[in-house]
Amino acid sequence: MVGMTGSECNSKDIAASWFVKSEGGEPLGQIYRGEEAAVPSLGSVLTAEAKWRSAEVVSFRELGPTCSIRRFAVVVRVLE
């Protein structure tokens with residue numbers, strides 16, 4: 001899966017925003033997702049983010065939407 005930063009995408013392309021934390025609760029940033037990958041899935045692996053090379057989604061919960069964009073709190077296990 002590939003995330004997008006604000007400079008890489010048009011706001012019309014953003015379907016969801018993920019607020020990512022480590023298993024220990026350390027904030028790891030925010031990832032914007034397109035429609036095809038808006039909802040996290042357990043066990044999926046994220047790659048090429050600023051604070052890690054790869055990380056596995058271990059849990060998530062949906063937060064209330066903002067301006068028609070779905071929001072998720074996502075906990076990951078950093079693999080590298």
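## Report on a five-stranded sheet and its residues

S22 lies in strand 1. The model described here is a predicted one. With a relative accessible area of 14%, S22 is buried, because the cut-off for that class is under 20%. Leaving aside neighbours within four places in sequence, S22 is in contact with L28, V75 and V76.

**The sheet**

The strand that holds S22 is part of an open sheet. Five strands form this sheet in the order 2-1-5-4-3, and their pairing is mixed. Strand 2, residues 27-33, and strand 3, residues 45-49, stand at the edges; each has a single partner strand, so one side of each is left without a neighbour in the sheet. On average, neighbouring strands of the sheet are turned by 40 degrees against each other, direction ignored. In general, strands of a sheet pair through backbone hydrogen bonds, either parallel or antiparallel. Strand 1, which covers residues 16-22, pairs with strand 2 in the antiparallel sense over six bridges. Within these two strands, F19 of the chain stands opposite Q30 in strand 2.

**The nonpolar core**

Which residues have the most contacts inside the largest nonpolar core? They are W18, V20, I31, L46, W52, V74 and V76, in a core of 14 residues. At least two residues of this core come from each of strand 1, strand 2, strand 4 (52-66) and strand 5 (69-78). In soluble globular proteins, nonpolar side chains tend to be buried together. W52 offers an example of the contacts made by one core residue: not counting residues up to four places away in sequence, W52 touches V20, L28, I31, L46, V78 and E80.

**Two partly exposed residues**

Is Q30 buried or partly exposed? Q30, found in strand 2, has a relative accessibility of 39% and counts as partly exposed, because this value lies between the limits of 20% and 50%. Beyond residues up to four places away in sequence, Q30 touches S17, W18 and F19. Q30 and S17 are 13 residues apart along the chain, and their C-alpha atoms are separated by 6.8 Å. The side chains of Q30 and S17 are also joined by a polar contact, and another polar contact links the side chains of Q30 and Y32.

R71 is found in strand 5. At 25% relative accessibility, R71 likewise counts as partly exposed. Apart from neighbours within four places in sequence, R71 is in contact with S17, F19, R61, E62, L63, G64, P65 and T66. A polar atom of the R71 side chain lies 2.6 Å from the backbone oxygen of G64. R71 and Y32 are 39 residues apart along the chain, with a separation of 9.3 Å between their C-alpha atoms.

The table lists the polar distances of these two residues.

| First partner | Second partner | Distance |
|---|---|---|
| Q30 side chain | S17 side chain | 2.5 Å |
| Q30 side chain | Y32 side chain | 3.4 Å |
| R71 side chain | G64 backbone oxygen | 2.6 Å |

**Confidence of the prediction**

The mean pLDDT of the chain is 85, and 85% of its residues reach 70 or more. Over residues 4-9, however, the pLDDT is below 50. Beyond near neighbours in sequence, this stretch of residues 4-9 has ten contacts in the model.

Note on methods:
Residues are numbered from 1 along each chain as its sequence is written. This is a predicted model: local features need pLDDT of at least 70, side-chain atom pairs count only at pLDDT 80 or more; totals for chains, interfaces and linings use all residues. Side-chain values use heavy atoms; hydrogens and water are left out. Two strands pair if DSSP finds at least two bridges between them. Helices (H or I, at least four residues) and strands (E, at least two) are DSSP runs, numbered from the N terminus. Axes are lines fitted to C-alpha atoms, for helices over the stretch in contact, and angles run from 0 to 180 degrees between N-to-C directions. A nonpolar core is a set of buried Ala, Val, Leu, Ile, Met, Phe, Trp, Tyr and Cys residues joined through side-chain atoms within 4.5 Å. Buried means under 20% relative accessible area, exposed over 50%, partly exposed in between (1.4 Å probe, protein chains only). Contact means heavy atoms within 4.5 Å. A polar contact is a pair of N or O atoms within 3.5 Å; within protein, one must be able to donate a hydrogen and the other to accept it, and residues adjacent in sequence count only if both atoms are side-chain atoms. pLDDT is the predictor's confidence in each residue, from 0 to 100.
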